[in-house]
Amino acid sequence: MSGILKHERALQRIANNAGGTRAAGTPGYTASAAYVKARLLTAGYQVTEQPFEFEFYQEVTLPL
């Protein structure tokens, strides 16, 4: 396996291990960002992470 499919499968494994999501603010996002950062560093890029704030809605109880 080579090329983009290798990375697609790696990112899908990350999502699968993180409850099916890589959305911002989730462990899947953090793991995905770490994966991409590691690949870029390996390729010789200089990587800078920039924190950001965002609003989101999360349902914490079951609907009635």
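How far apart should the ends of α2 be, given its 16 residues at 1.5 Å a residue? Good morning, colleagues. Before I answer, please note that the structure before you is a predicted model.

The expected span of α2 is 22 Å. In the model, the C-alpha atoms at the two ends of α2 are 23 Å apart, which agrees with that expectation. This helix covers residues 27–42.

Let me turn to the sides of this helix. Gly28, Ser32 and Tyr35 are buried in α2. These three residues lie on the same side of α2, because they cover an arc of only 60° around the axis. Among the elements that cover the buried residues of α2 is α1, residues 4–17. On the face of α2 turned away from the buried side, we find the exposed residues Pro27 and Thr30.

What follows the helix also deserves a remark. Just after α2, Gly44 adopts a positive phi of about 100°.

I close with the charged residues. Which residue forms a salt bridge with Glu49? The partner is Lys37, and the closest N and O atoms of the pair are 2.8 Å apart. This pair links distant parts of the chain: Lys37 belongs to helix α2, whereas Glu49 lies in the segment after α2, and the two are 12 residues apart. The count of salt bridges in the model comes to one.

Are these two residues buried or exposed? Glu49 counts as exposed, because its relative accessibility is 54% and the cut-off for exposed is over 50%. Lys37 has a relative accessible area of 30%, so Lys37 is partly exposed. Thank you for your attention.

Terms used. Residues are numbered from 1 along each chain as its sequence is written. This is a predicted model: local features need pLDDT of at least 70, side-chain atom pairs count only at pLDDT 80 or more; totals for chains, interfaces and linings use all residues. Side-chain values use heavy atoms; hydrogens and water are left out. A salt bridge is a side-chain nitrogen of Lys or Arg within 4 Å of a carboxyl oxygen of Asp or Glu. Helices (H or I, at least four residues) and strands (E, at least two) are DSSP runs, numbered from the N terminus. Buried means under 20% relative accessible area, exposed over 50%, partly exposed in between (1.4 Å probe, protein chains only). The expected span of a helix is 1.5 Å times one less than its number of residues. The arc is that of the directions from the helix axis to the C-beta atoms. Contact means heavy atoms within 4.5 Å.
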